Amino acid sequence: MEQAAAPDATLAALLIAATVGMALLLPALAWLFRLAMSGRLAYEEEPRP
Amino acid sequence: MLADLAAVLALVGLTAYVVLGGADFGAGFWDLTAGGAERGAPVRAMVKRAMSPVWEANHVWLIFVLVVLWTAFPKAFGSITSTLAIPLFLAALGIVLRGGAFALKGQAATIAEARALGATFALSSVLVPFFLGTSAGAIAAGEVPVGNAAGELWGSWTGTLPVFVGLLAVATGVHLAAVFLGADSRTCCRRRSPWSRRRPRTQRWPPC
């Protein structure tokens, strides 16, 4: 794995970027799934009056 | 150490894609096998209702895995994508067609158009996990040597193990989707019909 990997500077930058990105993405995804599972994002077949 | 962490990151993203995206693809299988227009309508409506809020978010993980792989392991990424160019291209084409068909299905002007879009969506939902599975199987079978297109273009992913892994990927997605759609239909019924518990047990598809 060490032979196939990019240089340490690249890996460090990737891990930092991924950590920051996850900090933004995971709460947003958790909220999306929470809304979807509770049905508050349900797709309506009939148009609302 | 850093390479190990990057590999773990790729693995976490891959797991999330298999679970979440796999359920999405599996829902397309249930759409394909739901039956005719009238008989299959409740299942297709359930698939659409369940997928609409989350299907784009689920496929974010594929992009994440690709970016982590080509950044952290460029040699491996180049070897994999060059040798397995055909199944990966077919999977990418399927993802594009699937997304477009799903988004446009509700806007069809004629029944023939709606059927064509529905068939495109359902068929590509089965083929995409198959081709992604054959790619994984080819890597597991050792058919992807290091180097630019060093492996066989066709033979690397059409062996017994790659095809088996492809079929397993489809089956896994179908199972995940069945579990998710089953849970979603119960949630829908509890939410929309307070009196649903008093319905006769012979009623299999409550009109959620």
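These are my notebook entries on the cores and the main pocket of a predicted model.

**Ground rules.** I kept to a predicted model in which local features need pLDDT of at least 70, side-chain atom pairs count only at pLDDT 80 or more, and totals for chains, interfaces and linings use all residues. Residues are numbered from 1 along each chain as written, chains are lettered from A and ligands numbered from 1 in written order, and side-chain values use heavy atoms, without hydrogens and water.

**Chain A.** I looked up its elements and found 1 helix and 0 strands (DSSP runs, H or I of at least four residues for helices, E of at least two for strands, numbered from the N terminus). Of its 49 residues, 22% count as buried (under 20% relative accessible area with a 1.4 Å probe, protein chains only; exposed is over 50%, partly exposed in between).

**Core.** I then checked the largest nonpolar core (buried Ala, Val, Leu, Ile, Met, Phe, Trp, Tyr and Cys joined through side-chain atoms within 4.5 Å). It has 36 residues, and Leu9(B) and Trp61(B) have the most contacts inside it. Helix 1 of chain A gives the most to this core, 8 residues.

**Trp61(B).** I listed its contacts (heavy atoms within 4.5 Å), leaving aside neighbours within four places in sequence. Among them are Met22(A), Leu25(A), Gly13(B) and Tyr17(B).

**Pocket.** I looked up the lining of the largest pocket (an open set on a 1 Å grid over the protein atoms alone, where a 1.4 Å probe fits, with protein on both sides within 12 Å along at least five of seven lines; lining residues have an atom within 4 Å of a point). It has 46 residues, with Leu14(B) and Val65(B) among those nearest the centre. Helix 1 of chain B gives the most, 9 residues.
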